[in-house]
Structure formats: C-alpha cells, structure tokens
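Take a look at the chain below. The text that follows walks through some of its ring pairs, charged contacts and empty spaces.

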Amino acid sequence: MKKSEAKSLLQQARTAWDAEEWAESADLYERVLAHFPDEKTSPVWWYDAALAHKFLRDWPKAYALGREAAARSPRGEGDPAYWNLGIAATILREWAVARDAWEGFGITLPAGEGQIDGRFGMGLIRLDTDGEREVVWAERLCPTRARVVNVPVTSGRRWGEIVLHDGEPTGERIVDGNAYSVFDELLLFEPSELPTLAVTVNASEAADLEALTELFLQEGYGAEPASSVNVLCACCSEGSHEQSRTVHAGAQQVSLAAPEDEARRLLDAWSGETVIGRSWSGLQPMW
C-alpha cells in the first residue's frame, strides 16, 4: 500500500468516525495499520480502532487492538489506551493484562495476582436494562468493576450483582457536600443469587425504617424503602444533582434482597422490637 492510498483511507476512517460508523471506521484503520503499524501517529490509529470495537461491544477485537495501542503509549501518564485495554481485559478475564493495563494507566493496585478485589471507594452506576435506567450506589472493586449495594427497582436487577462500568462520567450526585461521579454500565459481570422481594411496611417514624434497613444490612442482605428512591428525568440524571438519602414514615413498599424465609425472620424481628408502630404485610417475590 502506498502512503497516498493510506492517507485517503485515513480520511475515510475519520469521516466514518464522525458519522459514528464504528465498524467501517475500524476496518479502514486496520487496513492502514496492516501496512503501517509503527508510524509516528500509528498509536492514535490503533487507539481509535480499538475504541470503535469497544463501542461495538466487540471485546475480543477491542482487546487485541487495545494491546497494540497500549504497547505504543507512554506508561504512568493516564493514557486512555491503557484504560480501554483494562476494560476489555477485565471483560475477557485476562487478569494479568488487566493488572498491567491499570498500572500502565497510573493506578496503584493491591498486591497479588488474578482477579482484582480491592477497595476503591463508593461510586454511582447507571444501570441500563432494555431501556430501563436506574442510578445505584456500588462498592468499587477495581477501576471498572463494582458491586451494587442498593436494591434496584429496575426489573430483573439485583442487590449484590457485580457490574462493569465505563470510565467517563455521565452525571454527578452531590451528597453532604461531596461530589460523586455517575458512570454508565457496560455489562452485567456477575449476577446475584439473592432474589428481590417486595413487602408493605408501616413505620410510625423514619428511624423505624432506618432500623429495618440496618437490620438487613447487618445480616448481609439489602432493604430499600420506596421513599428513598428519587425519580429524575434523563436530563437531570445526566447533570449535577444534589441529593440526600431520606426516608419517610408511614405505610410504603420496601424492596428486599434476601431469601424469603430470611426476610420473614428479619421482618418479624424488626416488628417485634416495639409494641406499636411497626408492622408488615404482603411479602411477595419480584424477580
């Protein structure tokens, strides 16, 4: 291939990229790279080709091209080639490559080999299942994996599942003066075996609902009162939103993440702690 032909193909690749024709753009970049893999600007071509396959959710190709991009990128400087490679390697469970990619990006990991299960703080993930979208709190296990610690109200989603999320924030929540970025889910990495149940509870005080949530949490389960759920439009959800976790007294539905027999035991224990003011009824499985 002559350089003049390569130049024409690169122009076509960029045009396809601007039109979000990811498959066509990647194919054009790859045709050029087959002949010119190590030009001065080739790291950018490798990166764009890998990123196009990420958008297409073609993880093996994103991984293969991402390794080429990272191999030509500076280490320890936050180069995005390493970040995207870390995501693709994690999805494919290529843990040695994932660890090297995160370190190449500049992130200090817990010592060890294999799957990364560290403490990277709390984060917010926007779940997306068949068009249903919900922002939940999650405990970050590595730069791209997080365990959901809310009981999702989105159909089919469960407390405790591990999701894989993107690295570019698409919203922000401000809680007690602290800003938390919202990241979009890329895929469900590991499902949770705990079912989601629904129950109607009556609580005379907000503290009663907080006590119910804490009781389930202490036992390794989840509880989410309906009054703690905020409904936002898409525009507000993707912007900066100040919020606080508050619950209100009275009768309301609570979503539970626990085996049904355990849920009954804990509900009975909770309602039996006071003579009046706490009761429950209508426990039923949701998903």
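Start with W22. Its relative accessibility is 17%, so W22 counts as buried, because buried means under 20%. Keep in mind that this is a predicted model. F55 has a relative accessibility of 35%, so F55 counts as partly exposed.

Now turn to the rings. A pair of aromatic rings is described by the distance of the centres and the angle of the planes. The count of aromatic pairs comes to seven. One of them joins W22 and F55: the ring centres are 4.6 Å apart and the planes stand at 55°, so the pair is tilted. W22 belongs to helix α2 (residues 22-33) and F55 to helix α3 (residues 42-55), so the pair ties together parts 33 residues apart in sequence. W17 joins in as well: ring pairs link W17, W22 and F55 into a cluster.

Move along the chain to W83 and F105. These two form an aromatic pair with 5.0 Å from centre to centre. The planes are 65° apart, and the pair is edge-to-face. W83 sits in helix α5 (residues 80-91) and F105 in helix α6 (residues 95-105). The two residues are 22 apart, and their pair links distant parts of the chain. Is W83 buried or exposed? At 16% relative accessibility, W83 counts as buried. F105 has a relative accessible area of 21% and is partly exposed.

A ring can also meet a charge. R93 lies over the face of F189. The distance from the ring centre is 4.0 Å.

Next come the contacts between charges. Side chains of opposite charge can pair when their charged atoms come close. How many salt bridges does the count give? It comes to 18.

Take R75 and D100 as one example. They form a salt bridge, and their closest N and O atoms are 3.3 Å apart. R75 lies in the loop between α4 (59-71) and α5, while D100 lies in helix α6, so the salt bridge ties together parts 25 residues apart in sequence. R75 is partly exposed, with a relative accessible area of 45%. D100 is partly exposed too, with a relative accessible area of 39%.

E161 and R157 give another example. Their side chains meet in a salt bridge, at 2.8 Å from N to O. Here E161 is buried, and so is R157.

A further salt bridge joins R265 and E262. The closest N and O atoms are 2.9 Å apart. Where do these two residues lie? Both are in helix α9 (residues 260-271), three residues apart, so about one helical turn separates R265 and E262. R265 counts as partly exposed, at 40% relative accessibility.

Some salt bridges join up. R126, D128, R133 and D184 are linked in a network of them. Look at R126 in this group. R126 lies in strand β1 (residues 122-129). At 2% relative accessibility, R126 counts as buried. R126 and D184 are 58 residues apart along the chain, yet their C-alpha atoms are separated by 4.8 Å.

D184 leads on to an open space. It is one of the residues that line the second largest pocket. The other lining residues are F55, R57, D166, E168, T170, E185 and L186. Two elements give two or more residues to this lining: β4 (162-175) and β5 (178-190). The volume of the pocket is about 150 Å³. Which classes of residue make up the lining? It has two nonpolar, one polar and five charged residues. F55, met earlier in the tilted pair with W22, is part of this lining as well.

Last comes enclosed space. Rolling a probe the size of a water molecule over the atoms shows where empty space is left. The structure holds one cavity of 30 Å³ or more. About 50 Å³ of space lies in the largest cavity. Its lining includes Y47, K54, W59, G66, N84 and L85. Several alanines line the cavity too, among them A50, A62 and A88. Helices α3, α4 and α5 are the elements that give two or more residues to this lining. By class, the cavity lining divides into eight nonpolar, two polar and one charged.

Terms used
Residues numbered from 1 in each chain as written. Predicted model: local features only at pLDDT ≥ 70, side-chain atom pairs only at ≥ 80, totals over all residues. Heavy atoms only, no water. 1 Å grid on protein atoms, 1.4 Å probe; cavity = no way out; pocket = protein on both sides within 12 Å on 5 of 7 lines; lining within 4 Å. Points joined across faces, edges and corners; volume = space filled by probe spheres on them. Helix = DSSP H or I, 4+ residues; strand = E, 2+ residues; numbered from the N terminus. Nonpolar A, V, L, I, M, F, W, Y, C, P; charged D, E, K, R; others polar. Phe/Tyr/Trp six-rings, centres within 6.5 Å; stacked < 30°, edge-to-face > 60°. Buried < 20%, exposed > 50% of the residue type's maximum accessible area, 1.4 Å probe, protein only. Lys NZ or Arg CZ within 6 Å of the ring centre and 35° of its normal. Salt bridge = Lys/Arg side-chain N within 4 Å of Asp/Glu carboxyl O.
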